[in-house]
Amino acid sequence: MFYLSKSLKAAAVLALLGTSGTFGAAQAETVLNRDMGVELKTLDIQKMHLLAEHEFAADLFDGLLIRDADGNIKPGVAESWDVSEDGLIYTFKLRDSQWSNGDAVTAGDFVFAIRRILSPELASKYASTLYPITGAKAFNKGESADPDTIGAEAIDDKTLKITLSSPTSYFLDVVTTTAMLPLHQASVSALGSEYAQPGKLISNGPFLLTESRPKEFALLTKNEAYWDAAEVALDKVYYYQITDEATAVRKFRAGEVDITRGSQGDNNAWASQNMPEAVQNATILGTEWYDLGHATPAIQDSRVRRAINMAIDRFALTEDILQTGEQPAFGLVPPGIPGYENASADWADLSYIERLEEARKLMEEAGYGPDKKLEFTINFNSSELHRKSAVALADMLGEIYIDASPYNRDSSAYWDWLISARGEYGLARDSWVADYPDPVVFLELYMGPLVADVNGNIDETYDALMNAALAETDTAKRMAGLAAAEARLMEVDTIVPLYHYNSVRLVNPQLTGWGNNPYAMHPSRYIAFK
């Protein structure tokens with residue numbers, strides 16, 4: 001018998017009290033309980049950068065274009081759009097839609113939001129997503145102080161014109177991201193950073209922000225003013241911030257949450273065996289890697305960096321230790337992006353024994369050996385899966401005269417620490433899931449000066465390769481240029497790639513509208529109870 005049947009019986013009792021969504025037809029409200037798996041650090045959508053935060057933002061705001069449950073692009077606030085023959089001008093026609101306070105959503109709201117996210121003062125991690133827009137990069141870098149130089153113009157209330165600096169084949173994908181969501185200009189201008197607080201946030205998406213308790217939950221309620229409200233089945237959505245995997249699984253089994261990442265540390269092995277109906281498994285465009293701290297003197301030695309990279313047995317890590325179904329990675333960009341031939345480390349075809357022998361030689365040349373070991377920490381954010389990886393890496397590096405100590409940093413503060421450290425560390429866990437199917441979403445992370453905040457290193461050769469590729473209008477040449485940049489990334493051992501992601505989530509089988517897609521995005525707007 002399916003294990004959740006017991007929790008569904010409990011949910012039926014709660015349904016009589018109007019507090020659960022499992023039996024929607026028998027109650028006044030339909031309520032979805034989701035586990036974010038992380039602490040929600042900000043309510044300002046333009047400061048969000050984690051995958052769970054983007055799912056949250058997609059429930060509150062509608063962009064010009066949105067993705068359906070399967071990840072396909074569909075109209076949002078824009079009911080139609082045109083692209084000029086030269087691929088530089090995108091003109092969006094807005095439908096009749098309104099903000100939650102009754103104001104009309106206008107093209108000016110999008111222009112305002114674009115200018116705000118690009119403002120250097122906001123320091124948004126997602127600002128670079130909009131760099132294809134004319135003047136966006138220069139404004140974001142402080143090279144221009146005139147927002148009128150940004151290629152975003154409201155022709156009238158219902159017409160938005162976006163001008164690009166060069167043809168960008170993936171720009172419609174960019175339009176679907178959090179970086180292109182609109183903001184209610186009047187309220188944000190008046191309230192500043194306080195605009196996003198419950199009771200103050202004016203949004204235009206399928207849900208409204210009703211309550212937020214730090215480190216506990218955020219409550220969303222259906223936005224009856226939403227233009228597509230008739231297609232939204234849920235009345236309320238709770239986003240719980242459960243960071244402990246065991247707690248998440250326990251709450252799922254008890255019927256207290258309907259969606260969770262569950263136990264990533266063992267790939268939800270128990271659930272896969274005992275309640276397979278609840279396991280949603282998908283290959284996504286994501287990569288797990290470790291940054292090398294280039295501001296640390298020992299790591300500045302190219303021989304040490306290469307030795308570290310070669311000493312990691314990725315097949316043993318994924319198949320024997322983690323057993324999570326991920327694919328070993330020898331480059332940054334995940335496979336599966338149309339038209340892109342992935343680059344990888346030039347030693348990837350060597351056997352692990354051959355790599356280990358070469359790694360020892362490199363470390364010995366750098367002055368290390370049995371009597372002189374290199375010491376540093378392997379930094380990671382709280383997770384059983386991350387802990388297993390860090391311990392395994394420490395063991396593997398021990399084979400090449402490195403005494404590495406796993407160091408667990410609190411999840412809520414980890415990403416801020418990584419940016420502030422500016423490369424003054426040994427190894428630091430990093431990861432990314434693509435917002436759209438293009439290599440640049442990964443490769444731009446290591447362009448200067450952005451990369452200086454991550455690992456303390458700016459590679460002018462890499463930047464030149466990236467800039468040349470980004471300026472290329474021929475798609476095939478552009479992809480080849482990006483592959484050359486990725487090859488450079490591995491040639492100088494900027495990072496230590498580990499594996500490409502396989503997404504596993506536990507989902508209440510009573511839910512409909514769940515679609516597995518390459519971006520691991522599952523907005524509540526498509527979800528309903530049977």
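Two strands are taken to pair if DSSP finds at least two bridges between them. The exercises below apply this to a predicted model.

**Exercise 1.** Determine which strands pair with E5, and in which sense.

*Solution.* Step 1: Strand E4, residues 78-83, shares 5 bridges with E5 in the antiparallel sense. Step 2: Strand E7, residues 159-163, is likewise antiparallel to E5 and joined to it by 5 bridges. Step 3: Individual partners can then be located through Lys93 of E5. Lys93 is the bridge partner of Ser80, and in E7 the partner of Lys93 is Thr159.

**Exercise 2.** Describe the connection between E4 and E5.

*Solution.* Step 1: The two strands form a hairpin, with 5 residues between them. Step 2: Within the turn, Gly87 has a positive phi of about 75°.

**Exercise 3.** Assign the side chains of E5, residues 89-94, to its two faces, and state which face is buried.

*Solution.* Step 1: In a regular strand, side chains alternate between the two faces of the sheet. Step 2: In E5, Tyr90, Phe92 and Leu94 point to one face, whereas Ile89, Thr91 and Lys93 point to the other. Step 3: Tyr90, Phe92 and Leu94 are buried; Ile89, Thr91 and Lys93 are not.

**Exercise 4.** Is Pro198 buried, partly exposed or exposed, and what surrounds this residue?

*Solution.* Step 1: Pro198 lies in the loop between helix H6 (185-191) and strand E8 (207-213). Step 2: Its relative accessible area is 28%. Buried requires under 20% and exposed over 50%, so Pro198 is partly exposed. Step 3: Not counting residues up to four places away in sequence, Pro198 touches Leu43, Leu209, Thr210, Glu211 and Ser212.

Definitions and conventions: Residues are numbered from 1 along each chain as its sequence is written. This is a predicted model: local features need pLDDT of at least 70, side-chain atom pairs count only at pLDDT 80 or more; totals for chains, interfaces and linings use all residues. Side-chain values use heavy atoms; hydrogens and water are left out. Helices (H or I, at least four residues) and strands (E, at least two) are DSSP runs, numbered from the N terminus. Buried means under 20% relative accessible area, exposed over 50%, partly exposed in between (1.4 Å probe, protein chains only). Contact means heavy atoms within 4.5 Å.
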